[in-house]
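Colleague: I've just opened this one and don't know how to read it yet. Could you walk me through a few features?

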Amino acid sequence: MSTDDTTERSTGAESECGANDGASAADGATDAGSTSKCGASGSSASGCGGSKRAATDEKVGSTVEDFEADPGRLVAVGLGPGQPDGMTQRARGALLEADHIVGYTTYIELLPEEVTESAEDLYDTPMCGEVSRTEEAIDRALAGHDVAIVGSGDPNVYALAGLALEILESKGATASVVDFEVVPGVPAAQSCGARLGAPLVNDTVSVSLSDHLTPMPTIESRLHAVAGEGFTIAIYNPWSRKRRENFEKCCEILLEHRAPDTPVGIVHGAGRDDERVEIVELRELEELGETDLVDMTTTLLVGNEETYVWDDRMVTPRGYESKYDY
């Protein structure tokens, strides 16, 4: 699975909005205006204490002055690859302690039954609702609730932890006001690397191909910079129906700097029922963009000049062989 939140998939759906809530993140998209579900001034088709699940893609716009209650708690929780046994115990504990859980619809559906049953309220938005649901989570915390906002992978990898802090600041609040905390999860690159063998044991960088929030010329510049050095590269959000050219350009840049036989690990839907794992040569990568192997739930791990394939595993030497006999 690709993502971390990066595009509402990271390990999720094929979103064009963000680029991963592991994967994500989420490159958060903006939404148009609306009403808080929890305690701010204005009308409210409340999700707090009413139905178990509320859903909207609208943006809320209250400030800290709109709330009279003592603020509660806001925790950004990384779910890891998606399956329950890929979640850390700390993440599970934080979700069980939360009164309200907010997230992208796909991620809410991935929560273990014990978590959904223990929550007072579940609130989800579909693709492209990153801003509205993050604001909703903040408003609920400002209204006095213990709130968890969830995403795939890790909250600090193309995901919503940063957006939450930015929105708190814009509302005139602070992280300490709502007792903000980040509970890390296993990022997509690491969960995918584990399925491929040992491709990431030396210096590694990650690049998202989503140009929703980062212009493509900037992405291209970064690809040139890292491909020309000895990094292994984790590529998030490699392909979508609306931006196939980004993937094609990425393959072109990689081939400018790396040998055609460089190993590339492809992990589609890591931890999901449709998981697929393949190792190909860099020269073969572009043609796979036309297949269902490469999409927004896919993470690519591009080897460096020392990476090799042994017994169907990618191996990137750490350098021990130059100092030790074994």
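Modeller: Happy to. Let's begin with surface patches: they are made of residues with over 30% relative accessible area and no salt bridge, and nonpolar side chains are joined within 5 Å. Keep in mind that this is a predicted model.

Colleague: Which residues make the nonpolar surface patch here?

Modeller: Tyr 320, Tyr 324 and Tyr 326 make a patch of about 460 Å². To find Tyr 320, look in the segment after strand 14, which spans 313–315.

Colleague: Strand 14, okay. What is the order of the strands in the sheet with strand 14?

Modeller: The general idea is that strands of a sheet pair through backbone hydrogen bonds, either parallel or antiparallel. In this case three strands form an open sheet in the order 7-14-13, with mixed pairing. Strand 7 (197–198) and strand 13 (308–310) each have a single partner strand, so one side of each has no neighbour in the sheet.

Colleague: Do strands 13 and 14 run parallel or antiparallel, and how many bridges join them?

Modeller: Strands 13 and 14 run antiparallel, joined by three bridges. For one to look up, Val 309 has Met 314 in strand 14 as its bridge partner.

Colleague: Now the five-strand sheet. What is its order, and which strands are at the edges?

Modeller: That open sheet goes 8-9-12-10-11, and its pairing is mixed. Strand 8 (204–208) and strand 11 (276–281) are the edge strands, each pairing on one side only. From one strand to the next, the twist averages 20°.

Colleague: In which sense do strand 8 and strand 9 pair?

Modeller: Strand 8 pairs with strand 9 (residues 232–236) in the parallel sense, over five bridges. Look for Thr 204, which stands opposite Thr 232 in strand 9.

Colleague: Which strands do helix 6 and helix 7 lie across?

Modeller: Helix 6 (residues 188–196) lies across strands 9, 10, 11 and 12, and runs at about 70° to strand 12. Helix 7 (residues 216–227) lies across strand 8 and strand 9, at about 160° to strand 8.

Colleague: Last one, helix pairs. At what angle do helix 4 and helix 5 cross?

Modeller: For a pair like this, look at the axes and then the handedness. The axes of helix 4 (residues 130–142) and helix 5 (residues 161–170) cross at roughly 65° and come within 10 Å. Their crossing is right-handed. Helix 4 makes the contact through residues including Val 131, Thr 134 and Ile 138, while helix 5 brings Leu 163, Ala 164, Ile 167 and Leu 168.

Methods
Residues are numbered from 1 along each chain as its sequence is written. This is a predicted model: local features need pLDDT of at least 70, side-chain atom pairs count only at pLDDT 80 or more; totals for chains, interfaces and linings use all residues. Side-chain values use heavy atoms; hydrogens and water are left out. Patches are made of residues with over 30% relative accessible area and no salt bridge: like charges are joined within 9 Å, nonpolar side chains (Val, Leu, Ile, Met, Phe, Trp, Tyr) within 5 Å. Accessible areas come from the Shrake-Rupley method with a 1.4 Å probe; for residues, only the protein chains shown count as cover. A salt bridge is a side-chain nitrogen of Lys or Arg within 4 Å of a carboxyl oxygen of Asp or Glu. Helices (H or I, at least four residues) and strands (E, at least two) are DSSP runs, numbered from the N terminus. Two strands pair if DSSP finds at least two bridges between them. Axes are lines fitted to C-alpha atoms, for helices over the stretch in contact, and angles run from 0 to 180 degrees between N-to-C directions. A crossing is left-handed if the near helix is turned anticlockwise from the far one by less than a right angle, and right-handed if clockwise. Contact means heavy atoms within 4.5 Å.
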